[in-house]
Amino acid sequence: MMDGKTLARLAAVIFVAVAIIATAIEMNRRDVSQDASVTFPPSAPRPDPLDTELARCSGIGEAGSRDPACLKAWAENRRRFLGQPASSAPGPQPSSPENGAR
C-alpha cells in the first residue's frame, strides 16, 4: 500500500500536469479565435496608370524611345524614384550657364 505522503505527491504531480495541459489548450484556443476575428480579405490595390504605361512601353521595345507617351512616363518614373516634387513645367529643365556651377 501507498502511504499518505506518496499519495499526496502523486496527486500534486497529476494536478500540475492537468493544469499545464489546460493552460496550453486555452492559450491555443485564444490564438485561433483572435486570428479568425482579425482575418479580412485584403482589398485589391488600385492599379497605377504609370505602371500600366511603363509595361506598355517596355513591351514595344526600341520604339518606346521615340514614343512621346513613353518618354513622359519614364520621366515621371524617374521623378518619383528620386523623390522630386512634381514640376508645373513639362519636360526636363535644361541647365543654363548662369545657373550652373563654376
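## Salt bridges and a surface patch: worked exercises

D48 is partly exposed, because its relative accessible area is 22% (buried means under 20%, exposed over 50%, partly exposed in between, with a 1.4 Å probe and protein chains only). Keep in mind that this is a predicted model, where local features need pLDDT of at least 70, side-chain atom pairs count only at pLDDT 80 or more, and totals for chains, interfaces and linings use all residues. Residues are numbered from 1 along each chain as its sequence is written, and side-chain values use heavy atoms, with hydrogens and water left out.

**Exercise 1.** Find the residue that forms a salt bridge with D48, and say where both partners sit.

*Solution.*
- Step 1: Start with the rule: a salt bridge is a side-chain nitrogen of Lys or Arg within 4 Å of a carboxyl oxygen of Asp or Glu.
- Step 2: R80 fits the bill, with its closest N and O atoms to D48 being 2.5 Å apart.
- Step 3: This pair links distant parts of the chain, 32 residues apart: R80 is in helix α3 (residues 68-82), D48 in the loop between α1 and α2 (49-59). Helices here are DSSP runs (H or I, at least four residues), numbered from the N terminus.
- Step 4: R80 counts as partly exposed, because its relative accessibility is 42%.

**Exercise 2.** Show how R80 and E76 meet, and which network they belong to.

*Solution.*
- Step 1: Their side chains form a salt bridge, at 3.1 Å from N to O.
- Step 2: R80 and E76 are four residues apart in helix α3, so about one helical turn separates them.
- Step 3: Salt bridges with shared partners join D48, E76, R79 and R80 into one network.
- Step 4: As for E76, its relative accessible area is 25%, so it's partly exposed.

**Exercise 3.** Decide whether R56 and D67, another salt-bridged pair, are buried or partly exposed.

*Solution.*
- Step 1: Check the contact: the closest N and O atoms of R56 and D67 are 2.7 Å apart.
- Step 2: Locate them: R56 is in helix α2 and D67 in the loop between α2 and α3, 11 residues apart.
- Step 3: R56 has 35% relative accessibility, so it counts as partly exposed.
- Step 4: D67 has 18%, so it counts as buried.

**Exercise 4.** Name the residues of the nonpolar surface patch, then place V18.

*Solution.*
- Step 1: M2, L7, L10, I14 and V18 make the patch, which covers about 470 Å² (areas by the Shrake-Rupley method with a 1.4 Å probe; for residues, only the protein chains shown count as cover). Patch residues have over 30% relative accessible area and no salt bridge, with nonpolar side chains (Val, Leu, Ile, Met, Phe, Trp, Tyr) joined within 5 Å and like charges within 9 Å.
- Step 2: V18 is in helix α1 (residues 4-38).
- Step 3: V18 counts as exposed, because its relative accessibility is 52%.

Notes:
Helices (H or I, at least four residues) and strands (E, at least two) are DSSP runs, numbered from the N terminus.
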